Amino acid sequence: MEGTRTYTIQVLGRTLEHLGAQMYKRRDTAIAELVANCWDAGATQVDITVDVAGYDRSSSKIVITDNGVGMTEDEVQSDYLVVGRNRRSAGAAVNPAPNRKVMGRKGIGKLAGFGIASHMEVSTWRNGPCTAFSMDMEELKRDATAEQTIEPVPILARTGAEAPTDTPSGTRIILSRLKHSTPIGEYTLRESLARRFSRVTRGEMSIRVNGVEVADPEVSFEQRVPESGYLTHALPGGGEVRYFFGFSDQVLSQSLMRGFAVYVNGKIAQTSPFYFFVEGTASGQHGTRYLHGEIHADFLDEGIDDESDVISTDRQEIDWESDAAKQLSYWGQELTRKALREWAGRRGTTFVDKITSDPEFSGRIDVLDEPSRTQVHRFLQSLGQAGGDQEKIRPLADSVIRAFEYRHFHDIVADIEEVSDDPERLEELMGRISKWKVLESRAILEVIDGRIAIIDKFNNALVMNISETANPAGTENLHDLIAWYPWLIDPEWQVLYEEKQISKQLREWKVRDFDEQDLSRYDFLALAGDGRVKVIEIKRSGHTVTRDDVQKLDKYVDALSKAHPKIDAVFISGDSYEFPLERWNSTARRLTWNSIYDQVSKYYDHYREVLRADVSTAGFDRKRREVMQTRRVLELGAYRSPADRKAGLGVQDVSYEDPAFGPQGDDSGTDEDEN
């Protein structure tokens, strides 16, 4: 007969600190704890529904329904509403699943829902009418005192109601007034539950999330130990473990899937990723991103008293300092180190085999001497262990081989001297030297490839309309790009100075009659092969040229002509002018950035084609230094630090002498007091 009955909740003094609001703040952890209660109730089916579309934490709900034995009216009070009750030691009137090992122990898992929601509605039934009641966390805590005791809170329950499902018995929990502002993902929750409950548990109790069953974690193994099933191992001093592990053929994207999950009685007790604390010192550390395994150690939870409990309340961590867990820890460390070490060895060997069987690399390795080949193999072995996509580290393998190729190029004289008294060895060495022309060409080709990359960067700078100078500091600018690579303007010109005051320049050139107060600066001063000096003024590609811009350059020429009779003005800008070009009343040669780009591109495209025809050049070390500089600029940008500016201009393709003042070298003319 349907009616009402009033219950009271009873909280034992030591358990308030374990209330679900503090212990189960993660949604997957809290839901897993409620699912564990379903297992202990003998359930074979658990259905979880979560609101995803239209999620609102004030109105959305999380529902967990099982087909376990449920509870009678009296058991609700005597068993469920006693917080802190150890069901193992207290026993139960009904044993729902005699062949199952009980997961629950501390008697607070029922409160896990309060970690993620403020309100819980419970409906439970067994072979008949349903008992339904609700609990509100704020009500439960309202009279808490410093001694961690609370007065009993009345809970009004409906009895004799109709069960919410057609199963003979079961329990349904509805969580509302949720605490998280975003919905939990269905896939994420299924993946987490698959990792938190062992295959054995899910074989006896199906878990579904929004109607989709929680399946085994999807891992594509490149190696699994054993190939199927589990291995067993007896630990010293007692205790047996069942385990398997393997390495995925790709990085495991979810951290929960990495490392070992340690299960006790079918439920996770040490959450992953877990590597028995060796991940920072073991060889093959990159393998931790691929390792996936399970360890079942039921012996850790065989006791029924509190003293034998070595698993944290939220079942996230084992007390590894306890006597019961120490032997497992020692064995796990050894297992993990060995597994990572062997993975690294396999991966390195696979990479070496792949590289040495590739025609692109094998021929180059074969021509090296035996010690070098041995070293190359060793370095490739190490490189292959680095983790990640091995195809993406192929360029690094090329760099390893190239380092040995270039090393031999530098050591040629010493090698010839060493074998000069042995005709046969000398013949062998000179046979190898015939191949070094190719090696030198490869080195120069890298220089040219770098220059073409700089040309592309130059083009991008024009398209992006970057400024002439660095303002603010650290900003890419045309001036510094050209200072690093003067050949961009004209490969036949040598830049003598940059950004120097006209008065200072005339003073250095020993001119007596000039305006000492002239503080104006030119951008660059260059020397052409015919002995003519070029005064270069640059404006960014998007700048609209004014008459004042041009007249300023003409003044530079007039002033500097007092020292040099052969001075030409060169004005470089975009295609925008505030006046018609037919009124260009200046002797300055007008160049556009586009015309310069076209010219230098054609020059180096042709150079690349000549080089590919296997034509070698001199000055290899100079080109090597340019390669280093190019890589730096491509990575960090065309900006020179004060120290860089003090060091002067970059590598130039020609070296002329100023006919009036002698060799100029690479002096940029930038004084320290002008930086």
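This note covers selected salt bridges and one helix in a predicted model.

1. **Overall count.** The model holds 26 salt bridges. The points below take up the pairs made by Arg-177 and Arg-199. A network of charged residues and helix α9 follow.

2. **Arg-177 and Asp-136.** These two residues form a salt bridge, with 2.8 Å between the closest N and O atoms. Arg-177 belongs to strand β9 (residues 169-178) and Asp-136 to strand β7 (residues 130-136), so the contact ties together parts that are 41 residues apart in sequence.

3. **Accessibility of that pair.** Arg-177 has 37% relative accessibility, so it counts as partly exposed. Asp-136 has a relative accessible area of 16% and is buried, because the cut-off for buried is under 20%.

4. **Arg-199 and Asp-216.** Here the closest N and O atoms of the salt bridge are 3.5 Å apart. Arg-199 sits in helix α7 (residues 199-204), while Asp-216 is in the loop between β11 (212-213) and β12 (221-225), so the bridge ties together parts that are 17 residues apart in sequence. Both ends are partly exposed: Arg-199 is at 22% relative accessibility, and Asp-216 has a relative accessible area of 38%.

5. **Arg-199 and Glu-294.** Arg-199 also forms a salt bridge with Glu-294. The closest N and O atoms are 2.0 Å apart. The pair links distant parts of the chain, 95 residues apart: helix α7 holds Arg-199, and strand β17 (residues 291-296) holds Glu-294. Glu-294 is at 1% relative accessibility and counts as buried. Arg-199 thus has a buried partner in Glu-294 and a partly exposed partner in Asp-216.

6. **A shared-partner network.** Salt bridges with partners in common join five residues into one network. The acidic members are Asp-480, Glu-498 and Glu-499. The arginines are Arg-640 and Arg-645.

7. **Helix α9.** Which residues of helix α9 are buried? In this helix (residues 359-366), they are Phe-361, Ser-362, Arg-364 and Ile-365. An arginine, Arg-364, is on that list.

8. **Start of α9.** Where α9 begins, Asp-358 makes a contact through its side chain. One of its side-chain oxygens comes to within 2.9 Å of the backbone nitrogen of Glu-360.

Methods:
Residues numbered from 1 in each chain as written. Predicted model: local features only at pLDDT ≥ 70, side-chain atom pairs only at ≥ 80, totals over all residues. Heavy atoms only, no water. Salt bridge = Lys/Arg side-chain N within 4 Å of Asp/Glu carboxyl O. Helix = DSSP H or I, 4+ residues; strand = E, 2+ residues; numbered from the N terminus. Buried < 20%, exposed > 50% of the residue type's maximum accessible area, 1.4 Å probe, protein only. Polar contact = N/O pair within 3.5 Å; in protein donor to acceptor, adjacent residues only side chain to side chain.
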